[in-house]
Amino acid sequence: MRAWSVAIQLVTTRAFQTTKAFRPRALTPALTSALSVSTTATDNMCKTTAISEGNPLLQSWASQPFHLPPFEEINPSHFQPALEAAMEAHIADLEAIASSTDNDFDSILGAYDRAGSLYSKVGSVYGNYISSLNTPDMQEVQSAMAPILSRHRTKCYNIPGLFEKVTSMYDIREEMANKGEWTAEQVRLAERVYTAFVRMGVKLNEEEKKEYGDIQVELATLQTKFMQNILKDEETWKMVISAEDMAGCPEDLVAAARQAAIDRGHEGEDEYVITLGRSLVEPFLTYSTRRDLRKKAFDAWTSRGELSEERDNLSIATKILRLRKRQANLMGHTTFSNFQTEDTMAQTPENVMNLCMDVWERAKEAANKERAMMESFLSDKGDELEGGIQPWDWRFYAEQVRQANFNFDESELKPYLSLDAVTNAAFDVSNKLYGLKYVKRDDIKAYHKDVNVYEVRRGDEDELVAIFLHDNFSRAHKSSGAWMSEYRTQTKNLPAGADPIEGIPIVSNNNNFAKGSGATLLSSDDSTTLFHEFGHGHHGMLSDATYEYLASTSVLKDFVELPSQLMEHWFEEPVVLKEHAKHYKTGEVVPDELLARLKAASLFNEGFATVEYTACALLDMAVHSLSEYGEDFDLSAFEKKYLVEIGMPQGIVMRHRPAHFAHLFASSSYASGYYVYQWAQVLDNDVFAAFQETGDVFDAATAERCRRFIYSAGNTVAPQDLFKAFRGRDPDTSFFLKNKGMA
């Protein structure tokens, strides 16, 4: 079950969310179980066999390379019956644990960790498809299955006798550890499983349990609709313009807009398209000299989720907030933020706000200085901007000032940052730090022709460590943003007789780069994103836990961004850029003087970026800290009022406005948790400083400690203890503030 949870959480939040198929059967209560369709045992057996024989999701994948899913055979109609069969098998596994007379660790917690293997197998593919290949047919399945899957999750925690078994293990954990009969990892598993049961409401009375389950079902339905509305807005909105309208835009952006036009059926010689994909719209806002078109694109981009009355995400988000508040109340908390932060490193909303407000005040000061520089630039040119610098102007004039004051033009760098070059740089960093080698398998077909598949190997004996899928391009029916997910999670706790390949992780990185007609050129931000997701990928590929439940990214939410943000630092290293940043046409190595100008300009506009992000983190915590959402509660009005209260600088809006804030409303994973990126920045800057202190960013001893305590440990040890084991002390915020230019 773990692999699927990662897929769904990271896929739908890190945004932080194709095939021809007949329509799935209409869902009825009878179809919540694959075997409940028939009326006799014989019919049940025949039905199950028939489903399995005709459904690639339920068949053995042993004939597939590395037991990968049979992607070419899967279509949306397969998911519903496969999920139904998998749910039934999962419940049977859990009931067997609850009814067993064996009461040792392996019979209870070891078996719990192994339970639901079919559910995990089918569900991981489902979770990835609803983010990377969410066609209309797939969305129909998703909408139908969301409440059923939520009911299943609630049922899993309420199997009669199961919590009692878990509690029996939890109660003896310290005694067994003191006797030397349990490892520290076994103690951790007992604690984390017990905590999960409690946080799912198993201690509530029966009436409250029912209400809690109903809330989960309604949340699942609303969150699914919220994400689908965003996807629909992103799919349908486009701005068709001419070559003349692209004045000021660099060659690679013009080529990407032309390719976007062709992809969307606009094949006229003078047709170009700007979509709401970040890799198209942000560069357009940065370079286009047409203020009217910048405004049009910006208004649409920041209004995703409310572009159509039929897709009113603000009302959906308000319903979600009310349900979460009631959920928290049932669990004994006055607000959802209290409930969410209880099981984090931060522990309380107050601790989160203390960090964010400290950064916020510094960021506002920096952003206001940046706006003053832009206003001075305009004044020196004798230009007058009606209404002053507006949000659709900021990126454009920031780039003008960057070029004027620092002699740095982002478009000068992009020819040296082709997708192939940046990917090779990431692979090389991975090899130098952790000894990983990437072998491309062109013969293995994934779910889309643009997805590359790699074997990941290590050591002189080429030990297989993982299978890595790289899905880099934006396209229709693919969620925006970038994320890591898994089709299979690392584990050593396999059933007797299982093929060892089943313990080897299958990790996927998804990006949304605008595909060029030739080479795809990345911005420095795009390149950083690729390294970021590759860091998450390492968290999965280097995982070395005994139990799947504790493996990979299954860590506390304010630790999960440490491995990803840490990896970003190596992209910025001159030694990496000098080796891999080569001109995509000539092969020329990026000039030293261009890198020097890049470094000099690196902190400019950092105030803007930090304000844009921190405003989101603050609003997230503020809106989830309300104890009431009355009938007259207006989320849009709350946004405006709150931003005025905290002094939002003129000309900047939140990076994610409420109607498309998928981190908050497409799942609950990052709700009251968007702060985690900033929390993790304190950690990642401190960890990278340990490499810098050695004088070698590839220092072998430091890399080995980093692998052991940051990337491989998963949730086998409490995160604060992992950090101390690596650094020898608690985190120091000074490295973060210095690198932000806010010390």
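Student: What makes phenylalanine 531 stand out in the largest nonpolar core?

Tutor: In this predicted model, phenylalanine 531 touches Val422, Ala425, Ala426, Val429, Ser564, Met567, Glu568, Trp570 and Phe571, leaving aside residues up to four places away in sequence. The largest nonpolar core has 168 residues, and Phe531 and Trp570 are those with the most contacts inside it. Helix α24 (residues 606–623) gives this core its largest share, eleven residues. Apart from this core lies another, of 37 residues, including Met87, Val122, Leu149 and Tyr487.

Student: Why is asparagine 715 called buried?

Tutor: Buried means under 20% relative accessible area, and asparagine 715 has a relative accessibility of 4%, so the term applies. This residue is found in the loop between α28 (700–711) and α29 (719–727).

Student: How do you know that the side chains of asparagine 715 and arginine 188 are joined by a polar contact?

Tutor: The distance is 2.7 Å, and a polar contact requires N or O atoms within 3.5 Å, so the pair qualifies. Beyond residues up to four places away in sequence, asparagine 715 touches Arg188, Arg192, Leu550, Ser554 and Val555.

Student: Why does asparagine 605 count as buried?

Tutor: Its relative accessible area is 11%, and the cut-off for buried is under 20%, so asparagine 605 meets it. Asparagine 605 lies in the loop between α23 (592–601) and α24, and, with its neighbours within four places in sequence left aside, this residue is in contact with Glu370, Trp394, Ala398 and Arg402.

Student: What makes glycine 651 a buried residue, and which residues is it in contact with?

Tutor: Glycine 651 has a relative accessible area of 10% and is therefore buried. Located in the loop between α25 (635–645) and α26 (662–665), glycine 651 is in contact with Ile389, Gln390, Pro391 and Trp394, not counting neighbours within four places in sequence. Glycine 651 and arginine 395 are 256 residues apart in sequence, while their C-alpha atoms are 10.0 Å apart in space.

Student: How do you know that the span of helix α27 agrees with what its residues should give?

Tutor: The expected span is 1.5 Å times one less than the number of residues; for the 18 residues of α27 (residues 676–693) this should be 26 Å, and because the end C-alpha atoms are 26 Å apart, the two values agree. Helix α27 is mostly covered, with 16 of its 18 residues buried, and just after α27 glycine 695 takes a positive phi of about 85°.

Student: What is the corresponding result for helix α14?

Tutor: The 18 residues of α14 (residues 313–330), at 1.5 Å a residue, should span 26 Å, and the end C-alpha atoms are 26 Å apart, so the value agrees with the expectation. Helix α14 is mostly covered, since 13 of its 18 residues are buried, and glycine 332, just after α14, takes a positive phi of about 85°.

Student: What makes β3 and β6 edge strands?

Tutor: The open sheet is formed by five strands in the order β3-β4-β5-β7-β6, with mixed pairing, and β3 (436–440) and β6 each pair on one side only. Neighbouring strands of this sheet are turned by 30° against each other on average, with direction ignored.

Student: How do you know that β6 and β7 pair, and in which sense?

Tutor: Two strands pair if at least two bridges are found between them; β6 and strand β7 (residues 506–513) have five, and their sense is antiparallel. Tryptophan 483 has asparagine 510 as its bridge partner in β7. Strand β6 (residues 483–488) is mostly covered, with six of its six residues buried, and helix α5 (residues 117–132) lies across β5 (463–473), β6 and β7, running at about 150° to β6.

Student: Which bridges join β4 to β5, and how many are there?

Tutor: Seven bridges join β4 to β5, which run antiparallel, and in β5 alanine 466 is the bridge partner of valine 456. The hairpin of β4 and β5 has four residues between the strands, and in this hairpin glycine 459 takes a positive phi near 85°. Strand β4 (residues 452–458) also pairs with β3 in the antiparallel sense, over five bridges; lysine 437 stands opposite arginine 457 in β4, and leucine 436 stands opposite arginine 458 in β4.

Notes: Residues numbered from 1 in each chain as written. Predicted model: local features only at pLDDT ≥ 70, side-chain atom pairs only at ≥ 80, totals over all residues. Heavy atoms only, no water. Buried < 20%, exposed > 50% of the residue type's maximum accessible area, 1.4 Å probe, protein only. Helix = DSSP H or I, 4+ residues; strand = E, 2+ residues; numbered from the N terminus. Polar contact = N/O pair within 3.5 Å; in protein donor to acceptor, adjacent residues only side chain to side chain. Contact = heavy atoms within 4.5 Å. Core = buried A, V, L, I, M, F, W, Y, C linked by side-chain atoms within 4.5 Å. Axes fitted to C-alpha atoms, helices over the stretch in contact; angles between N-to-C directions.
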